[in-house]
Structures are given as C-alpha cells and as structure tokens.
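Dear colleague,

I am handing over the structure we talked about, and below it you will find my notes on what turned up in it. Please read them with the model open beside you.

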Amino acid sequence: MKALPFPLDHIGIAVENLEASISYYRDTFGFALDIRELVPSQKVEVAFVSLANTKIELLAATDSDSTLAKFLRERGPGLHHICYRVPNIEVELARLKAAGIRLIDEKPRPGAHHTRIAFLHPKSTQGVLTELCQANAP
Ligand code: CO
C-alpha cells in the first residue's frame, strides 16, 4: 500500500450557480467538464472540472438546509475544501484520529463518482476543511 504523501485529488469550491461556474472555468481557464452529479448524502450537486494536472469540484447546494447552503450564507462563494486521495480511508481516519485530528465523519460516506469520502474538522486542520477520498474498485 502506498504510504504518505498522498496525492491531492481536488480542490472544492462552493458556488451559487453551478451552470455559471462551469461556464466560467471552461471559458476563462479552459477547464474540461468531467462529471456532473447529485450527491444526496450531502444535499449538493457537484461538477468536476479539470486541467491536465488538477481537478476542481464545484459544489452547489440543492437544499437550503444543507451544510453547504449554510456555508454559502455565512461566507459566500469561494474555497471550500481540499481533498487527498487515500488508498484505505478507514486506516487513514483511524491514524488521524489517533494523532488528535478531529473527524467530522467517523465513518466514510458515499461521495461523487463512486468514491467514499470523509471530512476532517477545520479547527484541527489549520483552518482548512479537509476531505479524504478513496476510489471504490470499478
Ligand atoms: Co470534494
């Protein structure tokens, strides 16, 4: 199993209007639209846009009760989280918890595009909401 360091998987950006944001990244910086899907577990619709060496996840709230809707109300659109791709999410959550990192998700939950994800609390990750993701076997 691959040890540290893990690759950065994507940067998450909270947006008010998914359609307008996809157009902005495509037309302004040449991003390609890879995936667009609803993530019911988080009450968001996401779009992954990519360049050769990086991916951005654009997140729009689908419900005014969602955590993301609250984030947008309080802080407005902008940088939301960074995500590391890990080989075994349970192992990493246990390791980080043992190291004193506060977990938002004690157990992984379903993410976009057949991944399993978990978030770490920004209070224990130097102010940056941090996500781990593990790709499920295809
Ligand atoms: Co993400």
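Which residue of strand 3 does Leu33 stand opposite? The residue is Val49, and I begin with this pair as a way into the sheet, with the reminder that the whole model is predicted.

**The sheet**

The eight strands form an open sheet in the order 2-3-4-1-5-8-7-6, and their pairing is mixed. Strand 2 (32-39) and strand 6 stand at the edges with a single partner strand each, so one side of each has no neighbour in the sheet. Strands of a sheet pair through backbone hydrogen bonds, and they may do so in parallel or antiparallel fashion.

On one flank, strand 2 and strand 3 run antiparallel and are joined by seven bridges. The hairpin that these two strands make has four residues between them, and within it Lys43 takes a positive phi near 55 degrees. Strand 3 (residues 44-50) has six of its seven residues buried, so the rest of the structure largely encloses it. Strand 3 in turn runs antiparallel to strand 4, again with seven bridges between the two, and a hairpin of four residues connects them. Within this pairing, Glu45 stands opposite Ala60 of strand 4.

Strand 8 (residues 130-135) is likewise mostly covered, with five of its six residues buried. Strand 5 (residues 78-85) runs parallel to strand 8 and is joined to it by four bridges, whereas strand 7 (residues 115-120) runs antiparallel to strand 8 and is joined to it by six. On the strand 5 side, Ile82 stands opposite Thr130, and Cys83 has Glu131 as its bridge partner. On the strand 7 side, Glu131 is also the bridge partner of Phe119.

**The metal site**

Glu131 appears again at the cobalt ion, which is coordinated by His10 (NE2), Glu57 (OE), His81 (NE2) and Glu131 (OE) at 2.0 to 2.2 Å. In sequence these donor residues follow the spacing H-x46-E-x23-H-x49-E. His10 belongs to strand 1 (residues 8-14) and Glu131 to strand 8, so this pair ties together parts that lie 121 residues apart in sequence. Both His10 and Glu131 are buried. The angles among the four donor atoms run from 85 to 171 degrees, and the geometry of the site is classed as irregular. The upper value explains why the site is not tetrahedral, because that class requires all angles to lie between 85 and 135 degrees.

**Two loop residues**

Ser66 lies in the loop between strand 4 (55-61) and helix 2 (67-75). Is this serine buried or exposed? Ser66 is buried, with a relative accessible area of 3%, a value that falls under the 20% limit for a buried residue. The side chain of Ser66 reaches the backbone oxygen of Asp63 at 2.8 Å. When neighbours within four places in sequence are set aside, the contacts of Ser66 are with Gln42, Lys43 and Ala61. Lys43, the residue with the positive phi in the hairpin of strands 2 and 3, is 23 residues from Ser66 along the chain, yet their C-alpha atoms are separated by 5.7 Å.

Gly111, in the loop between strand 6 (109-110) and strand 7, is buried as well, with a relative accessible area of 13%. Setting aside neighbours within four places in sequence, Gly111 is in contact with Val39, Arg116 and Ile117. The C-alpha atoms of Gly111 and Gln134, which are 23 residues apart along the chain, are separated by 9.2 Å.

**Aromatic residues**

How many aromatic pairs does a search of the whole structure find? The search gives three, and among them is the pair of Tyr24 and Phe29, which is edge-to-face with 5.7 Å from centre to centre and 85 degrees between the planes. Another is formed by Tyr25 and Phe31, also edge-to-face, with the centres 5.4 Å apart and 85 degrees between the planes. Tyr24, Tyr25, Phe29 and Phe31 together form one aromatic cluster. Within this cluster, Tyr24 counts as partly exposed at 40% relative accessibility, while Tyr25 is buried at 14% and Phe31 is buried at 7%.

With best regards

Note on methods
Residues numbered from 1 in each chain as written. Predicted model: local features only at pLDDT ≥ 70, side-chain atom pairs only at ≥ 80, totals over all residues. Heavy atoms only, no water. Buried < 20%, exposed > 50% of the residue type's maximum accessible area, 1.4 Å probe, protein only. Pairing = 2+ DSSP bridges. Contact = heavy atoms within 4.5 Å. Polar contact = N/O pair within 3.5 Å; in protein donor to acceptor, adjacent residues only side chain to side chain. Donors = N, O, S within 2.8 Å, 3.2 Å for Na, K, Ca; no water. Tetrahedral: all angles 85-135°; square planar, octahedral: opposite > 155°, others 65-115°. Phe/Tyr/Trp six-rings, centres within 6.5 Å; stacked < 30°, edge-to-face > 60°.
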